[in-house]
Each structure stands twice: as C-alpha cells, then as structure tokens.
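Hi,

Here is the model I promised to pass on. Have a look, and my notes follow underneath.

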Amino acid sequence: MSRKRFDLRRWTSSLIWKALAFITVMCCGLAALLGALVHVSVTHRTVSDARSRALVRLDEAVKAYEAGSRLPPQSGIDTRELPESLRDLAVSGQRGTMVGVVDGDPTMWAAAPADGRALAVQLDYAQSAATIENLDRAILGSSALAIGVTLTVGALGVGGVTRRLRTTSQVARRISAGDLDARVGDPLTTDPARHRDEVAAVAAALDTMASTLQRKLMSEQRFTADVAHELRTPLTGLHAAAELLPAGRPTEMVRDRVAALRTLTEDLLEISRLDTGSERVELDAIRLGVLAERVAAHASGETEVRVVEDAFVETDRRRLERVLGNLVANAHKHGRPPVVLTVEGAVVSVRDHGNGFPDYLVAEGPQRFRTEGSTKGHGLGLTIAVGQAEVLGARLEFENAADGGASAVLRLRGDGS
C-alpha cells in the first residue's frame, strides 16, 4: 500500500491557503495597530493620573516642610530609595516625577528641592502597573480570539468558494475527457431567487458551453451515421451492378472505386459507433505473439514480426486485430519498408522506416480526413485505431524514431507472460 506524500508546494499554492495567509497578516497587523494605540493611550492616562496624585502629595509635603510641620506619610528628605536621576534633578532646583521600583514593587516618585536637598514623595504604582499589564493580556487574548474567529469564518467562506471552483474544474476535465453529460449544477445558477456571484457565472458559462458542444457533437454524429447508412443501399446496388460488367480494365477500376467507397462507408459507421460510446468489449485470453503473426499474415505488404517477450492479455480479439491491422496498413501505405511488428510483453509496436509521422499527429493525435504529405487514404485508419484502443482500455502513442521512421506503440494491460 503506497502512502500519499504531502506536497507542501501544491498545498501552499491553493487559493484557500493564500486567502487565509492574507487574512492572518491583515488581522495581525490590525490587531497590533489597535493594541498599540490602546496600550499607549491607557498607559499615558494611567501614568498621568499617578503623576498628578504624586504632585498633589508633593505639594502637601513642601507646605509641611516650609511650615516646619511633620512631613506626610510616604515622604522624606533624601530618601535612600529615591532614583539618583530624580535626586539630582531636585538638588538642582527642579521638580520631577519618575516611576521606580522599591522592594520589587512599582512606585511613582515625585521630588522637589528643599534647601539643597531632595524632598521626595512616593506613591504605590503597583495597581496602575497591574492595570496596564492586565490590559495588555486582554488585548493579546482578544486579538488572538478575533484572529481565530476571523480565520474560521474566512476558511468557511473561502472554502465554499474553492470547493465550487474545484467542482467546476473537475467537471471541465470530465468534459475534456469526453463526458459531455457532465454539468456543474451550481445552486446559485439553478435558483433564480439567489444572486449569482462570479463563481456561479463561470459554472453557468461552463454548463452552457458543455450543452452547446454536446448538441453540436451529437448533431455531427447523427449526420455521419445517417450519411453512412444512406450510402449503404446505393453502394450495395452499385456493387452488384459492377459484378455484372464484362471483364476488362474499366470494370476493374469501377470495382476498385466501389470497394473503396464501401470501405469508407464502413469506417464512417464504425467511427460513429465509437463516438456514441456504445461499443462493448468481449474479453478473451489472447497470446499476443500468435495474434501478431495473424495480423502480419493478412497485411497488404511484407511485415516482420519480432517477439521479444510474449504475453497473454485479456482483451477483445476482434478489436485488437482491428487496431494492429490499421497500424500495419498505415505503415505500408504511408511509410517505407521494412515494417516491423514487435511484441514486448503487453506492449506492441509497429515501426516503419519512412519519413515519420507529421508533427501535428505526434503532438495532437490523428485527425479525420487529414493525410498530410500524402494523397492516399482518408485519414480514418489511425482515428479508428485510437478509438478502438480507448474501448480496450489501452493507450496508443505515436512517435518518430531518432534514426528515422514512424513508430506506433500500443500499451495493453497484461495478465502474465
């Protein structure tokens, strides 16, 4: 059992991660800004209140000192705990305040000059400091809570959008793979009472495109099938009439053209069946080496068979012969000998030594009625081979060999060798 590896780059490139990262950065920035503003404002107010009370106490102490009365509590001359910078300020003849620490507790000091000494008053600042500290904790807690709630709501909102976008992309891939019945069916597009957003608009456009494409393709498939069916009857009569003509070169030419038209009609019918997806496989155990020999024996030109590693596969014999027969016929018709049919396990390849496949075919696959570089054929053989390979669940690849020539590789699902 294989473990699915965690792809960090793929996860971080998703829309929801980018949205949550943006929300987190914005929330943290806003919380930091508001927290700083509140902290500065409250701290300034708290310090101002404590400074005002300390100065009032200092005025009382100065009056008592000048009157020769006993100094109020928490006041004294040249107090030992008084900060040196505030002491020097008072000795120099100025008043001032400062927050200091006495026995581990925050204290608001106020000092004034007193006959060359410092008259100091201390005020308990622990409660104010605790208020500021509790405020900071409250700011951090409320910011974390607000960020968490915002991220949760944002994740739910963005997650809903990304799920709808993911559904739309999955439907688009199903349509490109050939499932023309796939539709998004976004609730906002089916309920006229609800307002559409951009995602719903994209989903509606995709559904409309799929419906239009399906109608056009079905119309084309019906047209192809109808034409092929309608051609069958006159071609049957034409074939019977050609058989009654006297022997000769003109008769051979007529019979040859009638046979070509019948082959084209059958190919068109087969393509129409492949397009509708109505084909069903009849599985059977097949030895690829024996089947390759049979295909080579029925080919129109000499075909070399190489069995590097024989294998048994469970597949539809008739369809597999059709695929390999078309590949060999295409190699003889458009390439040059030698044509080699190689079996390597569940991989069968057909190689010629001509000019190779056209660039468009290697890049995009075969196209109907397009035979670039040659006027022979109708361009349907490889198209049928690709369609039958898909019915078998196999993969057919086209490539040009480095030393020249075209190579078609059919990869089957083998059951053993």
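A word on terms before the strands: two strands pair if DSSP finds at least two bridges between them, and the elements themselves are DSSP runs, helices being H or I of at least four residues and strands E of at least two, numbered from the N terminus. Bear in mind that this is a predicted model, where local features need pLDDT of at least 70 and side-chain atom pairs count only at pLDDT 80 or more, while totals for chains, interfaces and linings use all residues. Residues are numbered from 1 along each chain as its sequence is written, and side-chain values use heavy atoms, with hydrogens and water left out.

Let me start with the sheet. β8 pairs with strand β6 (residues 303-309) in the parallel sense, over six bridges, and E304 has V340 in β8 as its bridge partner. β8 also runs antiparallel to β9, and five bridges join them. Two of the partnerships there are L341 with V350 and T342 with S349. The hairpin of β8 and β9 has two residues between the strands, and G345 takes a positive phi near 65 degrees in it. β9 in turn pairs with β11 in the antiparallel sense, again over five bridges; V348 has L410 in β11 as its bridge partner.

How enclosed are these strands? Five of the six residues of β8 are buried (under 20% relative accessible area with a 1.4 Å probe, protein chains only; exposed is over 50%, partly exposed in between), so β8 is largely enclosed by the rest of the structure. Four of the five residues of β9 are buried, so β9 is largely enclosed as well.

Next, the packing. A nonpolar core here is a set of buried Ala, Val, Leu, Ile, Met, Phe, Trp, Tyr and Cys residues joined through side-chain atoms within 4.5 Å. The largest one has 34 residues, of which L320, L324, L327, L396, F398, L410 and L412 touch the most other members. The elements giving it two or more residues are α8 (288-297), α9 (317-334), β8 (339-344), β9, α10, α11 (381-392), β10 and β11 (406-411). α9 gives the most, with six residues. Apart from this core lies another, of 15 residues, including V62, A110, V121 and I132.

L396 is in contact (heavy atoms within 4.5 Å) with L327, A385, V386, A389, A408, V409 and L410, leaving out residues up to four places away in sequence.

What about aromatic pairs? Rings of Phe, Tyr and Trp (its six-membered ring) pair if their centres lie within 6.5 Å, and planes under 30 degrees apart count as stacked, over 60 as edge-to-face and the rest as tilted. A search of the whole structure finds one such pair. F357 and F398 are edge-to-face, 5.4 Å centre to centre with 85 degrees between the planes. F357 lies in the loop between β9 (347-351) and α10 (359-364) and F398 in strand β10 (residues 395-400), so the pair ties together parts 41 residues apart in sequence. Both F357 and F398 are buried.

One last residue: T79, in the loop between β1 (75-77) and α3 (84-91). T79 is buried, with a relative accessible area of 17%, and touches R87, W109 and A120, again not counting residues up to four places away in sequence.

Cheers
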